[in-house]
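I am opening a fresh page for a structure I have not looked at before. I want to note which charged side chains pair up, and then what lies in the interior.

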Amino acid sequence: MDLYRYDEALIKDGASIIAGIDEAGRGPLAGPVVAAAVILRRMEVFDGLRDSKKVPPNERKRLFWELLCRSVDIGVGIVEAEIIDRINILNATKSAMAMAVRDLSIKPDILVIDAVKLNSSGISQVSIIKGESKSASIAAASIIAKVVRDGIMEHYEEIYPEYGFAQHKGYATSLHINRIALHGPCPIHRKSFKKVMPLQLPLA
């Protein structure tokens with residue numbers, strides 16, 4: 001499916017400012033969940049734009065910088081592991097998405113969101129399953145969120161080098177699980193996740 005066709009259909013139906021929203025980092029055992037909101041310029045085409053999970057790292061970085069330079073507006077929201085443990089990952093994801101929308105300098109008239117519905121956004125919204133494969137705006141947000149989050153995890157590699165965050169970005173790889181078993185969790189681990197602390201007491 002042509003990624004740009006969905007957004008163009010919304011414009012033909014009367015939408016003038018579309019913000020695509022996606023997140024990176026719902027599944028990892030460590031680090032934040034990061035969301036991005038992106039408003040693309042109408043008829044602006046980005047070569048190779050697609051779901052960030054299908055884009056090699058070097059191409060993702062190229063697209064990231066192109067989006068940064070050529071998008072109408074970009075907002076980012078970040079919710080750290082401590083808050084994820086307190087409010088759960090779904091609510092943390094919604095919170096990061098709401099932050100990303102508030103971070104925009106231009107108010108959109110419709111939000112196109114990957115799989116999630118935001119509460120009390122005050123803006124018309126559409127939730128699309130696998131939206132990063134159907135909407136250019138959501139695909140752009142997935143690129144921004146992924147590159148921002150990867151950069152954060154690479155920074156944490158310098159602070160906690162024993163966990164290998166630069167390699168696995170906090171996901172539940174065998175390397176990561178083995179390092180948790182060896183060293184125990186560090187401050188950026190999500191202690192409400194079973195693979196991090198399977199025998200922990202319930203959170204207060």
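**Entry 1: a charged pair**

I looked up Lys169 first and found that its side chain meets that of Glu154 in a salt bridge, with 3.8 Å from N to O. Lys169 sits in the loop between helix H6 (165–168) and helix H7 (174–183), whereas Glu154 belongs to helix H5 (residues 136–159), so the pair ties together parts that are 15 residues apart in sequence. I should keep in mind that this is a predicted model.

I then asked how accessible each partner is: Lys169 counts as buried because its relative accessibility is 13%, under the 20% cut-off, while Glu154, with a relative accessible area of 35%, is partly exposed.

**Entry 2: other salt bridges**

I noted that salt bridges sharing partners join Arg41, Glu44, Arg50, Glu59, Arg62, Glu66 and Arg70 into one network. From this group I checked the salt bridge between Glu59 and Arg50, where the closest N and O atoms are 3.0 Å apart, and I recorded Arg50 as partly exposed at 27% relative accessibility.

I also looked at Glu82 and Arg86, which form a salt bridge with their closest N and O atoms 3.3 Å apart. The two residues are 4 apart in helix H3 (residues 81–87), which means that about one helical turn separates them, and I found both Glu82 and Arg86 exposed. For the structure as a whole I wrote down 13 salt bridges.

**Entry 3: helix H5**

I returned to H5 and compared its length with what is expected: at 1.5 Å a residue its 24 residues should span 34 Å, and the end C-alpha atoms are 35 Å apart, which agrees. At the start of this helix, I saw a side-chain oxygen of Ser135 reaching to within 3.3 Å of the backbone nitrogen of Ser137. Of the 24 residues of H5, 17 are buried, so I describe the helix as largely enclosed by the rest of the structure.

**Entry 4: the nonpolar cores**

Which residues have the most contacts inside the largest nonpolar core? I found Leu49, Ile143, Phe165 and Ile188, in a core of 31 residues. Helix H1 (3–12), strand E2 (33–39), helix H2 (57–70) and H5 each supply at least two of its residues, and the largest share, 11 residues, comes from H5.

I followed Phe165 further and, leaving aside neighbours within four places in sequence, listed its contacts, among them Ala30, Met153, Tyr156, Cys186 and Ile188. Finally, I noted a second, separate core of 24 residues, including Leu29, Ile39, Val101 and Ile123.

Key
Residues numbered from 1 in each chain as written. Predicted model: local features only at pLDDT ≥ 70, side-chain atom pairs only at ≥ 80, totals over all residues. Heavy atoms only, no water. Salt bridge = Lys/Arg side-chain N within 4 Å of Asp/Glu carboxyl O. Buried < 20%, exposed > 50% of the residue type's maximum accessible area, 1.4 Å probe, protein only. Expected span 1.5 Å × (residues − 1). Polar contact = N/O pair within 3.5 Å; in protein donor to acceptor, adjacent residues only side chain to side chain. Core = buried A, V, L, I, M, F, W, Y, C linked by side-chain atoms within 4.5 Å. Contact = heavy atoms within 4.5 Å.
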